[in-house]
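Please load the model in your viewer with the ligand displayed and the backbone drawn as a cartoon. The stops below are meant to be selected one after another.

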Amino acid sequence: MSLPRRPMNDALIQARKLSKSYHNGREQICVLRGVSFALRRGEAVAVIGPSGSGKSTLLNLLNGLLAPDSGELRVFGNPHTALTEGDWAEFRRTRIATLFQDGNLIPTLTVARNIAFRAGLAGLQQHAGEALLQQLGIADTAQRYPDQLSGGQQQRAALACAFAMQPQLILADEPTGSLDYATAQRVAPLFFDAIRERAVGALIVTHNPELAERCDRILELREGDLRPWDSAVSS
Ligand SMILES: Nc1ncnc2c1ncn2[C@@H]1O[C@H](COP(=O)(O)OP(=O)(O)OP(=O)(O)O)[C@@H](O)[C@H]1O
């Protein structure tokens with residue numbers, strides 16, 4: 001299938017009544033019960049919700065690692081029913097950066113080579129690696145391997161890899177979760193600048209209220225439903 005490089009409109013993601021269950025033997029765990037939302041270019045949306053509410057499941061529906069049981073999902077304007085495994089793989093290589101809580105870096109490559117590899121997969125020359133590492137405050141880690149970094153340094157190196165591929169969509173699971181307070185304060189603006197300057201859309205799963213407040217909108221996943229967060233109800 002030949003996919004348009006740019007979405008026809010500003011919506012990167014359009015989800016309507018998405019549902020997803022898991023099956024453990026005879027037990028059925030209904031995680032998402034009709035989730036609807038849209039994510040536009042240049043928009044950062046936070047997803048909050050209790051542990052086990054389905055936040056990771058939602059991210060994995062949006063990067064094609066899971067398929068919804070029912071509902072409609074459009075990614076860059078393409079209905080998910082028309083997307084092949086190959087299309088999803090290409091999206092993950094060139095257009096969708098997923099930042100998991102760990103395991104983002106290839107352990108046998110230095111940080112600089114991780115960045116070059118990620119950019120190369122997306123068909124780009126690695127040109128901004130040093131500048132990205134500098135911006136993120138980890139220039140001194142370029143020649144180190146991931147297991148020689150702290151958790152916070154690994155998280156920032158993973159962010160550098162994500163930016164290096166110049167994605168259109170970032171799906172992030174606690175992108176500042178391993179950072180100490182001061183570092184999170186320094187990295188968060190870079191994250192949002194990159195999103196806004198590059199008109200990238202971002203869906204950010206977080207338990208960090210300050211990070212969520214920096215987003216354009218906050219959605220809450222609860223009892224299988226995704227709704228605008230109402231601080232008055234939740235507090
Ligand atoms: N592969 C699976 N098989 C069966 N149940 C699963 C599977 N993956 C997740 N679940 C269940 O689905 C529910 C949602 O899990 P999910 O990881 O999406 O939640 P979450 O909101 O990301 O949680 P946390 O904040 O703790 O990371 C949980 O009850 C979990 O136990």
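Begin with the ligand in this predicted model, and select β1 (11-24), β2 (27-40) and α1, each of which supplies at least two residues of the shell around the ligand. Within that shell α1 has the largest share, with 3 residues. To show the surroundings residue by residue, select Y22, N24, I29, V31, G49, S51, G52, S53, G54, K55, S56 and T57, which surround the ligand. Coloured by class, this shell divides into 3 nonpolar, 8 polar and 1 charged residues.

Keep β1 and β2 on screen and turn to how they pair: the two strands run antiparallel and are joined by 11 bridges. At N24, which you have already selected as part of the ligand's surroundings, the bridge partner in β2 is E27. The hairpin has 2 residues between its strands, and G25 takes a positive phi near 60° there.

Now select helix α1 (residues 55-62), which is mostly covered, with 6 of its 8 residues buried. The buried ones are K55, T57, L58, L59, L61 and L62, and of these K55 and T57 also belong to the residues that surround the ligand. Just past the helix, pick G64, which follows α1 and has a positive phi near 80°.

For the next stop, display the open sheet of 6 strands, whose order is β6-β7-β8-β3-β9-β10 and whose pairing is mixed. Its edge strands are β6 (96-99) and β10 (225-228), each of which pairs on one side only. Neighbouring strands of the sheet are turned against each other by 20° on average, with direction ignored. Inside the sheet, select strand β3 (residues 44-48) together with strand β9 (residues 217-222), which pair in the parallel sense over 4 bridges; here I48 stands opposite E220 in β9.

Which residues have the most contacts inside the largest nonpolar core? Select V47, A160, A162, I170 and I204, which hold that position in a core of 60 residues. Helix α5 (residues 151-164) gives the most to this core, contributing 8 residues. To finish, centre the view on I170 and add A97, L99, A162, I195, V200 and A202, the residues that I170 touches when those up to four places away in sequence are not counted. One of these partners, A162, is itself among the core residues with the most contacts.

Note on methods. Residues numbered from 1 in each chain as written. Predicted model: local features only at pLDDT ≥ 70, side-chain atom pairs only at ≥ 80, totals over all residues. Core = buried A, V, L, I, M, F, W, Y, C linked by C-beta atoms within 7 Å. Buried ≥ 20, exposed ≤ 12 C-beta atoms within 10 Å, placed from the backbone. Contact = placed C-beta atoms within 7 Å. Pairing = 2+ DSSP bridges. Axes fitted to C-alpha atoms, helices over the stretch in contact; angles between N-to-C directions. Near = placed C-beta within 6 Å. Nonpolar A, V, L, I, M, F, W, Y, C, P; charged D, E, K, R; others polar.
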